[in-house]
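Visitor: I should like to go through this model step by step, beginning with the overall picture and then turning to particular elements. Please guide me.

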Amino acid sequence: MGTADQIPVTVLTGFLGSGKTTVLNHLLRQPELNGVVAIINEFGEVALDHLLVESSEDRLALLDNGCICCSVREDLIETLADLASRRADGTIPPFHRVLVETTGLADPVPVLHTLMTASDIVGRYRIDGVVATVDAVNGTHTLAAHSEAVRQIAVADRLLVTKTDLAADDALARLDAQLAAINPVATRSHVRNGIVDPAKVLDAGLFDPAARSADVVRWFDLAAQAANTPHHHGDHHCDGEACSHHSHHAYDTGVSSYSLIIDEPIQREAFARWLDYVAALRGEDLLRFKAIVHVAEQPDAPMVVHGVQHVFHPPIALQGWPSADRRSRLVFIVRGIPRQIIENTLCKFAAVSRAAIQRPAA
């Protein structure tokens with residue numbers, strides 16, 4: 001099944017009380033969301049969130065009494081497989097997209113794993129993107145106290161900062177800076193009362209490259225800008241060139257992000273060998289990976305790669321380069337993996353010369 005035939009899945013995550021259900025309510029009332037099924041995951045003995053979503057019953061599926069990242073993961077697979085089968089045989093109205101709202105305590109990475117690896121649904125669905133809500137009032141405290149919140153932000157493609165009407169301007173500015181440090185490549189939007197343009201939520205991923213290849217350039221431009229912006233790591237000041245890892249850290253959680261530019265073409269098999277090695281060595285700590293790669297064997301058809309921990313989605317070849325820049329560009333969101341380790345393994349396993357590995361320009 002080709003990419004165009006797969007049903008896109010958008011994962012809506014965010015910590016407890018950050019406004020996910022309010023955003024979902026607004027989205028499901030928009031005409032762009034007609035034909036969308038929402039899967040709501042709850043944690044607790046009594047399921048309530050689905051009762052707060054104003055939508056017809058045939059557009060909702062409930063996963064209760066658990067967390068998607070553990071016991072309910074099998075239920076997610078079963079639900080998605082059942083929805084696809086019923087869609088195919090006409091026993092439910094046709095739908096063209098799925099929204100998965102996770103519990104506020106969930107790490108979204110296992111959800112992405114499930115979508116990329118579960119045999120019952122691989123080929124039927126594709127990851128469209130991860131959208132995380134962040135409470136403008138309590139966000140700074142939440143990030144300091146809860147590693148789950150940091151991971152939700154770190155793997156997101158898009159961030160929705162909610163309750164902005166209740167936050168002071170200076171507090172909002174500090175939170176924006178913190179979010180940029182954790183994930184410099186995610187777009188950020190300020191949201192009031194859950195009102196958000198569906199275009200800022202949908203179609204966020206790499207998986208329709210013919211239509212969205214320009215996003216690849218945006219990711220790396222943002223990463224390059226952020227990598228050269230002065231920032232603070234606790235009591236340590238980093239001023240760009242003076243910072244040994246040239247990356248962005250989220251407090252003491254070990255989550256960081258950085259990007260690499262490679263000036264020379266890379267052999268396909270060598271790059272695949274390097275991916276296998278990184279997955280085996282530190283896959284658990286590779287929270288998110290995105291890349292556009294200049295493949296030596298196909299110089300006019302760059303390869304787009306997307307990975308989550310140990311799992312890499314099958315590479316997608318673009319029909320052409322999205323810009324005149326034909327260098328390979330890699331973005332990493334990691335936990336405790338120094339940039340130098342990535343550079344060393346690229347040289348050893350992907351046969352990349354050290355001189356070809358560049359830091360993004362200011």
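**Burial, strand pairing and cavities**

Guide: In this predicted model, buried residues account for 56% of the 362 residues in the protein.

Visitor: How many helices and strands are there in the protein?

Guide: The model is a predicted one. Its secondary structure comprises 10 helices and 17 strands.

Visitor: Among contacts between residues at least 6 apart in sequence, what percentage joins residues at least 24 apart?

Guide: The contacts considered here are those between residues at least 6 apart in sequence. Of these, the share that joins residues at least 24 apart is 75%.

Visitor: What percentage of the accessible surface belongs to carbon and sulfur atoms?

Guide: The accessible surface of the protein is about 15200 Å². The part of this surface belonging to carbon and sulfur atoms is 51%.

Visitor: Why is strand β6 described as largely enclosed by the rest of the structure?

Guide: Strand β6 spans residues 158–162. On one side R158, L160 and T162 are buried, and on the other side L159 and V161 are buried, so that both faces are covered. The strand is largely enclosed because the buried residues number 5 of the 5.

Visitor: Which residue of β6 is the bridge partner of D135?

Guide: Strand β5, residues 125–135, pairs with β6 in the parallel sense over 5 bridges. For D135, the bridge partner in β6 is T162. On its side of the strand, T162 is buried. The partner asked for is thus T162.

Visitor: Which residue of β7 is the bridge partner of L159?

Guide: β6 also pairs with strand β7, residues 187–190, in the parallel sense over 4 bridges. L159 is one of the buried residues of β6. Its bridge partner in β7 is R188.

Visitor: Which residues of helix α5 are buried?

Guide: Helix α5 covers residues 147–154, and 6 of its 8 residues are buried, so the helix is largely enclosed by the rest of the structure. The buried residues are A149, V150, R151, Q152, I153 and A154.

Visitor: What is the volume of the largest cavity?

Guide: With a threshold of 30 Å³ or more, the count is 2 cavities. The largest cavity has a volume of about 40 Å³.

Visitor: Which helices each supply at least two residues of the lining of the largest cavity?

Guide: The lining consists of V278, L281, R282, I337, I341, I342 and T345. By class, these are 5 nonpolar, 1 polar and 1 charged residues. The helices that each supply at least two of the lining residues are α9 (268–282) and α10 (339–349).

Notes:
Residues numbered from 1 in each chain as written. Predicted model: local features only at pLDDT ≥ 70, side-chain atom pairs only at ≥ 80, totals over all residues. Heavy atoms only, no water. 1 Å grid on protein atoms, 1.4 Å probe; cavity = no way out; pocket = protein on both sides within 12 Å on 5 of 7 lines; lining within 4 Å. Points joined across faces, edges and corners; volume = space filled by probe spheres on them. Nonpolar A, V, L, I, M, F, W, Y, C, P; charged D, E, K, R; others polar. Buried < 20%, exposed > 50% of the residue type's maximum accessible area, 1.4 Å probe, protein only. Contact = heavy atoms within 4.5 Å. Areas by Shrake-Rupley, 256 points an atom, 1.4 Å probe, with all protein chains shown as cover. Pairing = 2+ DSSP bridges.
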